[in-house]
Each structure stands twice: as structure tokens, then as C-alpha cells.
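Subject: Structure handover

Hello,

Here is the structure I promised to pass on. Please open it and keep it beside this email as you read.

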Amino acid sequence: RAQVYKTAEMGLKIIEGYYEPVLVALYACLCGLIFTTCKAAETRLHDRLRPNQRGAKDGGWTGDGGGGRKRGKGAARSLSTVVLSAIRDRFFVFLRWLMTRSVPHYGKMEWRNITYLLQMGGNTNGLYLVSKCIETEGCFELAVCSSGTVHRYLIRKFKNHYGINEASQCADLYGVILQYRTRANGLCCRLERNAWRQDGEELIRQRDMERIVNDE
């Protein structure tokens, strides 16, 4: 069972970043391959435990010396049950990932606030933040730290896809970020860590309040 889980997890890592229909098809093929392999193992188990000449007379199975028939069938059945259960569990995890995959991001935010949150995150190479663009409706801003400088990119929504340029073939914002987490591909550096935090807007309000109090 552990080996089935490990194989399924490896499959998820390999096929991440493709469009959903391709993901589903590839994952279904992976599950089919796992099940076929385990069915073959089950068949070998049956062959190994099938009655021999002596066992046929006394109801025993090969390697059991009589009385092992029940145990042999139970072993074969448990193998099939474990495999089907493991594949089912991982496939449900996969479907939940498809339905909930998203990139944590902020709404429309001024550039000074974006750089402040990146600074709070440490301004390390590959640190990034996504927010809705103020100037261009329906687009996103991607801010990326590299060598102490914050670089700014516009993620546009084209007719059928998202991307920094029209050559991109990402179906959604998640696909864009995943692409640049794999390789820089024209960015200042590869994306490493999202600087988004749940209390980000509250930190900005506290900073503004402190400035007001200090000015007074």
C-alpha cells in the first residue's frame, strides 16, 4: 500500500502544470497502470497458492500442507482490496486538489504596500507577491524580489489563457505561478516563496496608524 501511495504521489508531481483534461487523463492512466500491475501480482499469488496434487485431495493449497485454502483466498482478496482502496483514496485527493487549486493573492494594492509586505517577508531572492492590478482591470501584478530589488510584472488575461506574454499557454493564474516556480523563463529569477499572509492588510493598517500618530 505504501508503494502504491508513493507512485501516485510521484505521478501528481510529474503531471502538475498541465490543463485539467490532460491531468485527469494522465492520472487515470497512472491509476490504471498501478491497478494492472497489482492485478498481475494477484494472479501470481493465486498461481502460487493454487491446489497441487496432494492439496487437491485434502483441500490444502501448495505450500500449506492442507487447511490453507481459506488463508490463500484471503491473502489474494486483501491484496485486491488494498490496491483499489489506495487508488480510490489518492484519486479523491487529486480531485480535491483540482477543485481547490489557487494562488493566495491580495486585491488591488498600492505598490508601496506591496514592497512593504515583501520587506516584511525578508526580501529574499524568489520571494513574490500577487495582487490585482489597479491600472488594468482583470489583470494581476506579480512582484518578485531578486538581489535586493523588487521587479514588477503584469499578468494579463488573454482570450483563452493567462500569462505575462501572449506566448503563455496557462489556463489560469495558478498555472502561471507554477510555470515560474519551475523555471525563471524570462523573469528576474525563479519564484520560490509566496509572501502572502493572512494578516497582511492588517499590518498595512497598523503601519499607517503608527505614521499618523508619529506625525501628530
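Start with Glu141. This residue is buried, with a relative accessible area of 5%. One caution before we go on: the model is predicted.

**The charged pairs**

What does Glu141 pair with? Its salt-bridge partner is Arg152. The closest N and O atoms of the two are 2.3 Å apart. Side chains of opposite charge can pair when their charged atoms come close. Look at where the two residues sit. Arg152 is in strand 4 and Glu141 is in strand 3. Eleven residues separate them, and the pair links distant parts of the chain. Arg152 is partly exposed, at 42% relative accessibility. So a buried residue is paired here with a partly exposed one. Glu135 joins in as well: Glu135, Glu141 and Arg152 form a network of salt bridges.

How many salt bridges does the structure hold? The count is eight. Two others are worth finding on your screen. Glu192 pairs with Arg190, with 2.8 Å between the closest N and O atoms. Glu192 is partly exposed, at 39%. Arg190 is partly exposed too, at 35%. Then there is Arg197 with Asp199, where the closest N and O atoms are 2.7 Å apart. Arg197 has a relative accessibility of 31%, and Asp199 has 32%. Both values fall between 20% and 50%, so both residues count as partly exposed.

**The overall layout**

Now step back to the whole chain. It has seven helices and six strands. Their order along the sequence is α-α-α-α-β-α-β-β-β-β-α-β-α. The chain has 216 residues, and 36% of them count as buried. Its accessible surface comes to about 13,300 Å². Carbon and sulfur atoms account for 54% of that surface. Take the contacts with a separation of 6 or more: 52% of them join residues 24 or more positions apart.

**The cores**

In soluble globular proteins, nonpolar side chains tend to be buried together. Which residues touch the most other members of the largest nonpolar core here? They are Val130, Leu142, Ile155, Ile177 and Leu191, in a core of 20 residues. The elements that give two or more residues to this core are strand 2 (127–132), strand 3, strand 4 (149–157) and helix 6 (173–182). Helix 6 gives the most, with six residues. Another core lies apart from this one. That second core has 13 residues, including Tyr106, Met109, Ile114 and Leu117.

Zoom in on Leu142. Beyond its neighbours up to four places away in sequence, Leu142 touches Val130, Ile155, Ile177 and Leu191, among others. Arg152, from the charged pair above, is also one of its contacts.

**Two residues in strands**

Try Ser146 next. It lies in strand 3, which covers residues 140–146. Is Ser146 buried or exposed? It counts as buried, at 13% relative accessibility. Setting aside residues up to four places away, Ser146 touches Asn125, His151, Cys188 and Cys189.

Then go to Tyr162, in strand 5 (residues 162–163). Tyr162 is buried, at 16% relative accessibility. Its contacts beyond four places in sequence include Phe140, Arg156, Cys170 and Val176. Asp172 is also in contact with Tyr162. Those two residues are ten apart along the chain, yet their C-alpha atoms are separated by 5.7 Å. Cys170, another of the contacts, is buried as well, at 9%.

**The cysteines**

A disulfide is a covalent bond between the sulfur atoms of two cysteines. How many disulfides does the structure hold? Zero. Cys133 shows why. The nearest cysteine sulfur is that of Cys139, 6.2 Å away. A disulfide needs the two sulfur atoms within 2.5 Å, so this pair does not count. Cys133 is buried, with a relative accessible area of 3%.

**Where to look**

If you have a few minutes, begin with the network of Glu135, Glu141 and Arg152. Move on to Leu142, in the core of 20 residues. Finish with Tyr162 and its contact Asp172.

Best wishes

How values were computed:
Residues numbered from 1 in each chain as written. Predicted model: local features only at pLDDT ≥ 70, side-chain atom pairs only at ≥ 80, totals over all residues. Heavy atoms only, no water. Buried < 20%, exposed > 50% of the residue type's maximum accessible area, 1.4 Å probe, protein only. Helix = DSSP H or I, 4+ residues; strand = E, 2+ residues; numbered from the N terminus. Contact = heavy atoms within 4.5 Å. Areas by Shrake-Rupley, 256 points an atom, 1.4 Å probe, with all protein chains shown as cover. Core = buried A, V, L, I, M, F, W, Y, C linked by side-chain atoms within 4.5 Å. Salt bridge = Lys/Arg side-chain N within 4 Å of Asp/Glu carboxyl O.
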